[in-house]
Amino acid sequence: MFINRYMLRVLPQPLAGLAELAIDTRWSWNHACDVLWKTIDSVLWEATGNPWFVLESVGQDRLLELAEDDAFLHQLANQLARRNKAMALEPWFAREHGNGNLRAIAYFSMEFGLTEALPLYSGGLGILAGDYLKTASDLGLPVYGVGLLYQQGYFRQAIDASGKQLDFYPYNDPAIMPIMPLRDKNDNWVKVEIELPGRTLSLRAWEVVVGRVRLYLLDSNDLLNTPSDRGITEKLYGGSHEVRLQQEMALGIGGWRLLKTLGITCDVCHLNEGHAAFAVLERAAAFAADNNLSFQEALTCTRSGNVFTTHTPVDAAFDRFPVDLFFHYSRNYAETIGLDAKNLLELGKIEGDRESAPFNMAYLALKGCGIINGVSRLHGQVSRKIFQPLFPRWPEHQIPVTHVTNGVHMPSWDSAIADELWTDTCGKGRWQGALETMEEEIGGLTDQRLWTFRSKNRQALIDFVRHRIRRQHKSMGLGEGTEKVPLEALLDPNALTMGFARRFTSYKRPNLLLHDPERLVSLLTHPERPIQLILSGKAHPRDAEGKEMIRAWVRFAQRPDILGKVIFLHDYDIEVAGKMVQGMDLWINTPRRPWEASGTSGMKVLVNGGLNLSELDGWWAEAWCPEVGWALGDGREHDHDPAWDAAEADQLYTLLEEEVIPTFYARDEHGIPNLWVAKMWASMARLTPRFSSNRMVREYTEKLYLPSAEAYHGRRRNSGQAGNDIVEWQQQIAAHWPYLHFGHLRVESDESMHHFHVPVYLDDLEPDMLQVELYADPKNADQRPECIVMQLKERLPGTVNGFIYGTTLPARRPVSDYTPRIIPWHSSALVPLEECHILWYA
């Protein structure tokens, strides 16, 4: 017999490899082993899709029977060999960057959506984090995920016959989840501790295998803790402000301490949202202790290796904590890391905030990181506007926020039919490296094959929906034969199938399509060109408006004249999302611009041949062109304007009536909608590689991680001497900046050139501690501002630290476009991120 120390049961020795396959969540995107789990127990496998649960649940007699089944053992050996071969291949990161400074990346996130077997997510943020880890495994990126293990996680949804959402919190039993207690070399359960007011919180560590990558999770459900503290990690985003603060301390402080306990040296710390911002404090504290530095010097060294990704499109959505509560929890911690509590509070505020202003976790993240990014091009612009108050008097164009547009892990979201088509055209290892040849490779597909592929995907979705509805009816207490429409008559496999799935909340406007119900009914019931809708989504338990939106759709679907044509699937999760994006002909997305930071649901239909009709927001604002789908809106912001919502609803109906539906039903002599298929091809070929997480992770690596690691190594040399130098420079700037001033600007112009000269008085600052520039706003929105460094020409006689600065420019713009300014300058500092003083000529 083979005893796996992480399993509750004993496996026969010939089946030992099953534990290795089941514990690695790589099965969530590589389905080669599905046949094994189905063979073991097809009922359990179909019901759960969880190999670990199958192994823990199946009877011992069945395992003994399989241990003597030569065909099964051969299949098991084959799958183990295939997995080992795949893991042994040299991945992209090792080939391209294996000899660089980037040894490891810590990736902190409040939620991770890897698989339905590990329900530690609520929505897009967690799904993105899961896709990120899967892609890191594919590309061989040295990533360690850090998160929390929730006893209940996010709520599960049921809907009663009246359309009312019901919220349930089933227990997450680690024994049946693909997760292991993290053990040290002596087989002790690894734990870390953090200090809370008047007590110490013990956090247990768990490990999730994600191919080449490891995800570490912490939970507070330790008998050493008080009953209330054991509940800190009970629910994702549940509880009071106090519980939320405790969770974020556990994630950030406890997470970094865990990495240190394990001896993992990470050059880059990536915060997936500001929830984990305490990690930047703990990293700096550890660096200070190791190098005998002050906390400020250490933070200056370590922040260059920290990356903060914001997913928030509005300032009001940032995590904030009442200042008294935050002070109560952070006072002792601040003392232990050598930071005055008042200075710690300032890290979560902006200049001029009142004393009672809440502590903003996004501000802490920004002030502790060297790179900040939004998650789409438009969101980068929005984020620069949101964070501008932290950089007073700096132009919005120069607020230090870049962007990396989100992508999705295509192997997790493609159907089996899609996988076959892409494998035939682009090869089995298509997502393991660069994607430059994909568009050309997919170009040989015929219209007939593309349309057959799309039709099969639609049929598979309809089959799933019929099966799911049967389960829904049982959960609602409805027996067989009580359906108003026979299950086999639900949905038409040849009709245009549209839909969406998302969180039901006001800014996403999920009921825009319901603005004129009768107009929608006329589309659904057209005798020659019918459409059908499949919807799903949850409303936050405290969002009464979102719950009412769900109720409106459920009631609409119950109208006698459209029965069987509008389906609302309960309990939206990874499984439902996957089936929907695989089978949908048209994915509809109607957020209120610019509140969709990126949005990724529409990206998931690309690999499956679905098309998008979406608001020009988030990713679609940079993806859309007429050849690949349809756009809603005018590309501008209209806030909460009911009149504009009505106008966009009318535009949505018109697009469906005049463009989308006619294109789908315009068939050639073979029954193929050539114009629709042309859009399918363009969308698949152009957008699938561009909005894959393969591109996203490679972009993070080359645009953010490698520069961050290089900057961090530069600052950590000589025990962090660079940190000391920068802090001294900052102190000098702060002391003398109020006394800097300009003299009178003199400009001489001829036909071709402008000659600028301006006196500058520097108080006791040295000229090499700052930079005098001419600044001009960009001419167009897609251009950068002009910043021309002025040269020190001469010292002003009879002055203390007075100088003449000057420069000569081509006379392509009027003199009035240019304004002299003084900004801090240091060869190693990030300006304005680390020093945001600025003086404009007035």
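A charge sits over a ring if NZ of Lys or CZ of Arg is within 6 Å of the ring centre and within 35 degrees of the ring normal. With that in hand, welcome to a short tour of this predicted model. In this model, Lys538 meets that description at Phe155, lying over the face of the ring at 4.9 Å from its centre. From there we move on to aromatic pairs, and then to an open sheet of six strands.

**Charges over rings**

- Lys538 is placed over the face of Phe155, and the distance to the ring centre is 4.9 Å.
- Arg667 has its charged end over the ring of Phe664, 5.0 Å from the centre of that ring.
- Phe664 also belongs to an aromatic cluster, which it forms with Trp451, Trp630, Tyr665 and Trp676.

**Aromatic pairs**

- In total, the structure holds 29 aromatic pairs.
- One of them brings together Phe500 and Trp553: the ring centres are 6.2 Å apart and the planes stand at 70°, so this pair is edge-to-face.
- This pair links distant parts of the chain, since Phe500 sits in strand E17 (residues 496-501) and Trp553 in helix H22 (residues 544-557), 53 residues apart.
- Both partners, Phe500 and Trp553, are buried.
- Trp619 and Trp620 have ring centres 5.1 Å apart and planes at 65°, so they too make an edge-to-face pair.
- Trp619 is buried, and Trp620 is buried as well.

**The six-stranded sheet**

- Strand E17, which carries Phe500, is part of an open sheet whose strands follow the order E19-E18-E17-E20-E21-E22 with parallel pairing.
- At the edges are strand E19 (566-569) and strand E22 (629-632), each of which pairs on one side only.
- From one strand to the next, the twist averages 20°.
- Within the sheet, strand E20 (residues 586-589) and strand E21 (residues 611-615) run parallel and are joined by four bridges.
- Asn589 has Ser614 of E21 opposite it.

**Helices across the sheet**

- Helix H20 (residues 447-475) lies across E17, strand E18 (531-536) and E19, and runs at about 65° to E19.
- Helix H21 (residues 517-524) lies across E18 and E19, and its direction is at about 120° to E18.

Note on methods. Residues are numbered from 1 along each chain as its sequence is written. This is a predicted model: local features need pLDDT of at least 70, side-chain atom pairs count only at pLDDT 80 or more; totals for chains, interfaces and linings use all residues. Side-chain values use heavy atoms; hydrogens and water are left out. Rings of Phe, Tyr and Trp (its six-membered ring) pair if their centres lie within 6.5 Å; planes under 30 degrees apart count as stacked, over 60 as edge-to-face and the rest as tilted. Helices (H or I, at least four residues) and strands (E, at least two) are DSSP runs, numbered from the N terminus. Buried means under 20% relative accessible area, exposed over 50%, partly exposed in between (1.4 Å probe, protein chains only). Two strands pair if DSSP finds at least two bridges between them. Axes are lines fitted to C-alpha atoms, for helices over the stretch in contact, and angles run from 0 to 180 degrees between N-to-C directions. Contact means heavy atoms within 4.5 Å.
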